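Dear colleague,

I am handing over the structure we spoke about, and below it you will find a written account of what turned up in it. Please read the text with the structure open beside you.

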Amino acid sequence: MILTDYHVQHVLRAYSQQIAVKSKISKEKASLKTGQSDEVTLSKESKKMLIIDKIANEIISQLANGGPRNLTSQAILKRLSQEYGRPLDVSSDNGQEITFKVVEENNGGIKEYLAPEENILLKKRLFEVAKSFINEQLV
């Protein structure tokens, strides 16, 4: 049997097409196995703000739970008291809700408990004051 150049080229072309199809299929399978990985990158400022939020939450929980008050927590509470115009103290009755009370300056006794609406506003402001104080300390 005599093979012409045409027959050889035809066989080679068919072989090349089969290899191309198999290669394409294997690439698709490989991409399905690896899948796309989503990547999130945070800016330095975002990371800083996340850290500040965590620290502020920790300080507020220490204040509310009656933990030891360090200089930072005392300074934050003092700033809030100055903004409010009367000396404040913080406590937590059930471990979750923060209760603010006005204390007497000379002996530290409780003068009055604040209304729930005022507690909510002061809690938000306490978090903001804590964040700003921590941000100042980090710089």
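**Helix α2 and its buried face**

In helix α2, the residues I52, A56, I59, I60, L63 and A64 are buried. When one looks down the axis of α2, these buried residues fall within an arc of 125 degrees, so they line one face of the helix. On the other side of α2, K44 and K54 are exposed. Please keep in mind while reading that this is a predicted model.

The helix α2 itself has 21 residues and reaches 30 Å from its first C-alpha to its last, which is close to the 30 Å expected at 1.5 Å a residue. Its buried residues are covered by elements that include α3, β1, β2 and α4, and after the helix comes G66, whose phi is positive, near 75 degrees.

**The chain as a whole**

To place α2 in its setting, it helps to know that the protein chain has four helices and three strands, and that from the N terminus on these elements run α-α-α-β-β-β-α. Of the 139 residues in the chain, 22% are buried. Among contacts with a separation of 6 or more, 46% are between residues 24 or more positions apart.

**Helix α3**

Helix α3, which covers residues 71-84, has 14 residues and spans 20 Å from its first C-alpha to its last, close to the 20 Å expected at 1.5 Å a residue. Which of its residues are buried? They are S73, I76, L77, L80 and S81. Seen down the axis of α3, these buried residues fall within an arc of 135 degrees, so they line one face of the helix, whereas L71, K78 and Q82, on the other side of α3, are exposed.

The buried residues of α3 pack against α2 (44-64), β1 (88-92), β2 (98-103) and α4 (116-138). One of the buried residues, S81, has a relative accessibility of 12%, and, leaving aside its neighbours within four places in sequence, S81 is in contact with R86, P87 and L88. Helix α3 is followed by G85, whose phi is positive, near 95 degrees.

**Two buried residues in the strands**

S92 lies in strand β1 and is buried, with a relative accessible area of 18%. Although S92 and N65 are 27 residues apart in sequence, their C-alpha atoms are 5.8 Å apart in space. Not counting residues up to four places away in sequence, S92 touches A64, N65 and E97.

K101 lies in strand β2, and here the charge deserves a careful look. What is the nearest side chain of opposite charge to K101? It is that of D89, 4.5 Å away, and K101 is buried yet has no salt bridge. That separation does not qualify because a salt bridge needs the nitrogen and the carboxyl oxygen to be within 4 Å. The side chain of K101 does, however, make a polar contact with the side chain of S91, at 2.8 Å. Beyond residues up to four places away in sequence, K101 touches P87, L88, D89, S91, I110, E112 and Y113.

**Salt bridges**

Side chains of opposite charge can pair when their charged atoms come close. A search of the whole structure finds six salt bridges.

One of them joins the side chains of D89 and R69, at 2.8 Å from N to O. This pair links distant parts of the chain, since D89 is in strand β1 and R69 is in the loop between α2 and α3, 20 residues apart. R69 counts as partly exposed, at 31% relative accessibility.

Another is formed by R79 and E136, whose closest N and O atoms are 2.6 Å apart. Here R79 in helix α3 is linked to E136 in helix α4, 57 residues apart. Both residues are partly exposed, R79 at 26% relative accessibility and E136 at 46%.

The side chains of E112 and R86 also meet in a salt bridge, at 2.2 Å from N to O. E112 is in strand β3 (residues 110-113) and R86 is in the loop between α3 and β1, 26 residues apart. E112 is partly exposed, with a relative accessible area of 33%, and R86 counts as partly exposed at 31%.

Finally, E83, R125 and E128 are linked in a network of salt bridges.

With best wishes

How values were computed:
Residues are numbered from 1 along each chain as its sequence is written. This is a predicted model: local features need pLDDT of at least 70, side-chain atom pairs count only at pLDDT 80 or more; totals for chains, interfaces and linings use all residues. Side-chain values use heavy atoms; hydrogens and water are left out. The expected span of a helix is 1.5 Å times one less than its number of residues. Buried means under 20% relative accessible area, exposed over 50%, partly exposed in between (1.4 Å probe, protein chains only). The arc is that of the directions from the helix axis to the C-beta atoms. Contact means heavy atoms within 4.5 Å. Lys and Arg count as positive and Asp and Glu as negative; His and the chain ends are not counted. A polar contact is a pair of N or O atoms within 3.5 Å; within protein, one must be able to donate a hydrogen and the other to accept it, and residues adjacent in sequence count only if both atoms are side-chain atoms.
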